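Trainee: I am new to this structure. Please take me closely through one hairpin, and then relate that part to its wider setting.

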Amino acid sequence: MILSYINIILTIITVFLSFFWGLKLPEETMRKLYIDYIYYILLFNVIFWIFSFIRTRKKSFIEDIASYWKNHKLAVFIALILVVLGTIVSKPDFRILADETNLLTVSQALYENRECKNYTSVLYYYFGFKNVIRAELDKRPALFPLTVSFLHSFTGYRPENIFITNIITAFFTLLFLYHLINYKFGKFWGICSMLLLSSYPIFVLYYTSGGFEVFNLLFSLILFWLLLMFIKEPTAINAEALLLFLPLISQTRYESVTAVICVLPVIFLLLTKSEYLKFSYKLILTPLFFIPVIWLRLLTFNMKALEAEDKGSAFSFNFFKANLEKAGMFFIGKDLAFGAVPIVTYIAIVGIIWATIDLMIKKNTASEYENSLKYSDDYGNTDSEYDVSRKEKNTNDFHGNKDIMKQILFVVSLTLFYIFHAVIRFAFWGGDFTMRTSSRLAIIFLPLFVYFTIIFCHKLCSKFKIRESYILLGVLTLMFVYLPVAGQNLGVRDLTLYREFRATREYLKEYLPNKNEYILVADRSNLYVPLKYNSISFDYLNDRFNTVSNNFYNRTYSYLIVAQLIKKDTNMPIPGCRVPKELKLKTLYETQIMVDQYLRISECYFDLNKGMNK
Amino acid sequence: MKNIVIFSFVGILAIILGFLQFDYLLIDLYTKTVFYFHSITLFFWIICFFKVILFNNEGKIEKEVFYTKIKSFFEYHWFALILSVLLMILGIFACKPDFRILADETNLVSDSQTLYEKRECYIVYSSLNRNLGEKRLIRIGIDKRPAFFPYFLSLVHTVLGYKAENVFILNFIFGVLSLFLIYYLIQIYKGRFWGICGLCCLSAYPIFLLYANSAGFDLFNMFCSLVLLVLIYKFIEQRKASFAEVLLLWLPIIGQSRYESILSVFIVLPLIFYWLPKSEYSKLTYKTWLFPLLLLPSAWLFRITNDPSFWQVDKLEEGFGLNWLCNNTIQAFVFFLSGEEAYGIIPILSILGIIGFIIFVLDIFRKETNLSFGCLDTKSTRLFVVAFLLFYFLHSIAKFSYSWTDFTDVIISRQSLIFLPFIVIMAIHFLSECNKKYGLKKSYCALSAIFLVFIYWPDAGNNCGVKTNELYNEFKEGRKYLQAYFPNKKDYICIVERPGLFVPLGYSAISLNSDLPNANNKNPDKTKEEYKNNNLKLIVDFYKRKICSYFILIQNIDKKTKEPLFALPDGFKEEVLCEYQFFPERLLRFSKITITD
């Protein structure tokens, strides 16, 4: 008992300490600590969360897996087939630049040096050494790069691991969505929800890319699931798993830290006093895991990171209004390239209205849930142990009349979650979903549309006795209609940087595969660093020409490759792509990137270098 | 009684033949017969092994019992087997197989090549390949390294055809078996769960992964030591002549796995004499009598290498001594407890291992202890523990008494591999005691073992332990260049400073500035100049007879002076192809040499 009180007191102390250490340390100290220790902090957070999660399981690991497999193997197969299909349809590639390559570089730094840095110019030499010319703290939260670095641990560093991580993430995203829907409506509807989500081209496009939006979506769904488990059974064990998850989700995307505001009140409202004394020592550590979240915000919340001149041009109510309107246009699919599924949007709207009407006239009785769902455990397993007598005893059955308040709490929490996400995204200048580079921000909202669509279809089937197989057919048809949008890369192929990067990469891969032999000079050198090119910027080349030249006189490299954007009318490189006059370039390749610009790849051998004859 | 008399007689004969005879024939005798000795040893050991698992107590084969035994073995241990294979496969991706410690690894491959091609064991330092598989050997020498690993490798060549890369396949197999054996040892006294944890912990070591994907014999030595420990356990458990023979016949194998491992004889022989009941002596077969003779290669190698030049010291007395023991032991502690990436060690496991060892020793030697291994009673358990501890103690003394055994030197750190199972076993002992006494959750231990893999494998993947080595970089750069631009090895002869590195990879390689031959050279009367002139004549002859079309000269030169290693004689035309900096202040220059007249 005394230990429990000590536990709580220490937790309160660490809350204050977290605020203090989070806010009051000098900037340089914060930066150094974040860069050097975020790997270990996140790692321990993950480990402790897993330990907490294991405590919530009532069965042993083997029994849990066996029971899960017995009840949900069809869902697992379907999720697997869907991600494989999506991967075949939409070839994994880097699309949103330089976000995706920056994330990959951070994973490389975490893997190689256990530091959280974004290398923007690097020279690799000998076998395994590198000279980091320029590096900076990346503004993006570090959990996704850390996860990719775990995969690097098993396979060695490979750029493709970022795609594999996203594909695995998509698989679990589909499964978690299935479970959330299954919990309320049953397995059939759970499977429909997976198919519906997979029919969104934007979902397919971004889980076959190198970004972290799908990863963020997965963590959001896990949060909902943990919240559901806690609300169903408000114990200290479940609360601990939820609390330790909050720092993790805060490290998936910038806005996700708002989950704390949505979840903490629920815990305070539902947890009884006696349960507070049952927390373990991990509660003490939980506030400390938020310190890096605070540091990252303080270090990177500046106008440069927000790509704005001042706060007013970064966030405003005007942006909110305009972006909300654009979001509407996005979801109704005005342009196929947006990657939305308009019919789902329309059905979801009807679904919201129908559900609201039902709620208002209080037709939402327990009997309705009885028809759709038999009594289940956390995964919606309908093992025989969960029998009718459990409902009759009126135990923690979430769907009984006595638990309407808990249900409302869950809905309010989720609503707040989405409101916060919507406000932050739409109030930001870059929250225009119709922009190609910002449409991925809509991914977090897709489960909402899927959910309300399922509500509509479910009500349709139960009220009007429509066969469920028609719904399944409809969903499959949607998939076939919309997947080609992802396959054609419609949402991305007109991005200039994407075209430039892809053209350069493909040329180098085919004609200059020996990366160790040359230094690549590019306007955005950071794009090539994670692909293990010796990559420097034009600025560096011009400022430190002698240093660069010495690399060739020392025979560390044999020649220079320059990738420039050239203006078509003047035939001159654009500003920022110019080389020193001493360099004599020989053109190897040219290709059009934009209407008025083309990409030129040239080589240059230095005088004292005895280059190979090819 | 008869068996003891015959054994003693053969033993004395072996001592005479091993240490007192054949002074002038020693090198030839060793190189020409070691293949056959090893074959006989392996053959007998396999017979004894199958006898133990196939035959019942009455000495009859019961096939059904055998199949049942095999089936229940796999049913019980399938998870560990699959996990071992899976971890080693993942390890190949995490840490690409490569030659790392040079020239040890290429010398071992060269030994295996000669064992495969000629059934003789020597290193080919330079040779020229003629057409259709013929070779002209220029310079050969005896390898100071024991030959069982190259022998096993030659067996792989027999099945797959000669390829230098076969050594990675062999080490992969030993890696899988080593992981399984550490699991097996731990599960005997702690159960399968802790065995799996131990397996994960061993595989998490970057140094294990690095050298499981290299071409050295340190992993093989670790494997042999684990087999020995399992055989000791089985012998103590069974107390039968058949088990004694399996154990006895493993000694020539482990004795020829690494230099120090022959000391295992001083553990096994007294153990057998002490523990084997008198009634079992009559059941010992002729293989027991032959055992001393199977140790002859070890004795001969010991005599051959009883020369300072083999050990890179000026005098043997200076290279070996108890004065080194203290220094190197301290360095070993620094090595195991340091978080230095280049060492490839997991310090937390070392700390847990030390605590576990203290607890273990206190436990086992308490009067009222109830510690028991598997089916062994307390006395047997203590006997096993004594053998176990003595094994590591003798290895420590032998290793640390040598001046070069400083584990903090990254070239030497691979020798620490043999101690990893000891650390893991002690660490698991500690964790399991914490679980029993203080309720430490097993799931936490299992998860932590998995996370160790995540955290530490990148150190192996980044080659942290090896990439600072000049010879490694030089060899890799040379190989990479030749593979990319001159893939057709038949067309040319490589003129390099250390041709022994390239010969096992199938290159014709020769040097024009050999060091003076050392004691292991078979022709000590040739001088450096004579070697150079002879070699020049040979390559000119090859060129004129169109056996090769040109020469590739690879020189490691100083970046500042750019002075070539030697001057080419008249009539040789050099075209410098390129130069690469492969190390600070060093360039590797590739030139194409043709003969003008």
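Mentor: In chain B, strand β1 (residues 123-129) and strand β2 (residues 135-141) pair in the antiparallel sense over 6 bridges. Two strands are said to pair if DSSP finds at least two bridges between them. Strands here are DSSP runs of E with at least two residues, helices are runs of H or I with at least four, and both are numbered from the N terminus. The model is predicted: local features need pLDDT of at least 70, side-chain atom pairs count only at pLDDT 80 or more, and totals for chains, interfaces and linings use all residues. Residues are numbered from 1 along each chain as its sequence is written, chains are lettered from A and ligands numbered from 1 in the order in which they are written, and side-chain values use heavy atoms, with hydrogens and water left out.

Within the hairpin, B:I123 of β1(B) has B:G141 of β2(B) opposite it. There are 5 residues between the two strands, and B:L132 in this hairpin adopts a positive phi near 55°.

Is β1(B) enclosed or open? Of its 7 residues, 6 are buried, so the strand is largely enclosed by the rest of the structure. The term buried stands for under 20% relative accessible area, exposed for over 50%, and partly exposed for values in between, using a 1.4 Å probe and protein chains only. One residue to examine in β1(B) is B:S126, which is buried with a relative accessible area of 5%. Leaving aside residues up to four places away in sequence, B:S126 touches B:L137, B:I138 and B:R139, together with B:P499, B:V503, B:A509 and B:I510. Contact requires heavy atoms within 4.5 Å.

Burial also marks a helix of chain B. All residues of α10(B) are buried, 15 of 15, so this helix is largely enclosed by the rest of the structure. Helix α10(B) covers residues 241-255 and reaches 21 Å from its first C-alpha to its last, close to the 21 Å expected at 1.5 Å a residue. The expected span is 1.5 Å times one less than the number of residues.

Charged pairs add a further kind of link. Side chains of opposite charge can pair when their charged atoms come close. A salt bridge is counted when a side-chain nitrogen of Lys or Arg lies within 4 Å of a carboxyl oxygen of Asp or Glu, and the structure holds 47 of them over all chains. One of these, in chain B, joins the side chains of B:E470 and B:R586 at 3.8 Å from N to O. B:E470 belongs to helix α21 (residues 470-485) and B:R586 to strand β7 (residues 586-595), so this pair ties together parts of chain B that are 116 residues apart in sequence. B:E470 counts as partly exposed at 29% relative accessibility, and B:R586 is also partly exposed, at 22%.

In chain A, salt bridges that share partners join A:D99, A:D138, A:R140, A:E213, A:R253, A:E255, A:R425 and A:R440 into one network. Within this network, A:D99 and A:R440 meet in a salt bridge of 3.4 Å, N to O. A:D99 lies in helix α4 (residues 99-113) and A:R440 in the loop between α21 (404-427) and α22 (446-464), so the pair ties together parts of chain A that are 341 residues apart in sequence. Both A:D99 and A:R440 are buried.

A local salt bridge joins A:K32 to A:D36, with the closest N and O atoms 2.7 Å apart. These two residues are 4 residues apart in helix α2 (residues 27-56) of chain A, and about one helical turn separates them. An α-helix has 3.6 residues a turn, so residues three or four places apart point the same way. A:K32 counts as exposed at 54% relative accessibility, whereas A:D36 is partly exposed at 25%.

For chain A as a whole, the secondary structure comes to 26 helices and 7 strands. Buried residues make up 59% of the 614 residues in chain A. Among contacts in chain A with a separation of 6 or more, 75% involve residues 24 or more positions apart.
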